[in-house]
Amino acid sequence: SALNAKWERKAYLQARQVVAVSEQVRRELIDIGIDAGRIVAVPNGVDAEEFAPAPSQRAKFGLPQDGP
């Protein structure tokens, strides 16, 4: 809503630093007047090396290997 957008913009303008979840969001914040120097883009994502899938333990719990 327009009221929500107004309050969000006010909060962004008062913040010392703003974290955007993507470059697209960063550009949108710049478009509404937020100083680009105060915006840091930190993309959503996962370190695949750190959070790699572990071997399945389905058999341990009596679950079929092809199930969800």
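Here are legends for three close-up views of this predicted model.

**View 1. Arg58, a buried arginine with no salt bridge.** Look for Arg58 in the segment that comes after strand 2 (39–41). If you go hunting for a partner of opposite charge, the nearest such side chain is Asp66, and that sits 6.3 Å away. A salt bridge needs the charged atoms within 4 Å, so this pair doesn't make one. What Arg58 does have is the backbone oxygen of Pro64, 2.6 Å from a polar atom of the arginine side chain. Leaving aside residues up to four places away in sequence, Arg58 touches Leu63, Pro64, Gln65, Gly67 and Pro68.

**View 2. Arg38, also buried and without a salt bridge.** This one turns up in the loop between helix 2 (23–31) and strand 2. For Arg38, the nearest side chain of opposite charge belongs to Asp35, at 4.8 Å. With the cut-off at 4 Å, that pair doesn't count as a salt bridge either. So who does Arg38 touch, not counting residues up to four places away in sequence? The list runs Tyr12, Leu13, Gln14, Ala15, Arg16, Gln17 and Val18.

**View 3. A nonpolar patch on the surface, built from valines.** Val19, Val40 and Val42 make up this patch, and together they offer about 240 Å² of accessible area. Val19 belongs to strand 1 (residues 18–20). Is Val19 buried or exposed? Val19 counts as exposed because its relative accessibility is 57%, and the bar for that label is over 50%.

Technical notes
Residues numbered from 1 in each chain as written. Predicted model: local features only at pLDDT ≥ 70, side-chain atom pairs only at ≥ 80, totals over all residues. Heavy atoms only, no water. Helix = DSSP H or I, 4+ residues; strand = E, 2+ residues; numbered from the N terminus. Buried < 20%, exposed > 50% of the residue type's maximum accessible area, 1.4 Å probe, protein only. Lys, Arg positive; Asp, Glu negative; His and termini not counted. Polar contact = N/O pair within 3.5 Å; in protein donor to acceptor, adjacent residues only side chain to side chain. Contact = heavy atoms within 4.5 Å. Patch = residues over 30% accessible without salt bridge, like charges linked within 9 Å, V, L, I, M, F, W, Y side chains within 5 Å. Areas by Shrake-Rupley, 256 points an atom, 1.4 Å probe, with all protein chains shown as cover.
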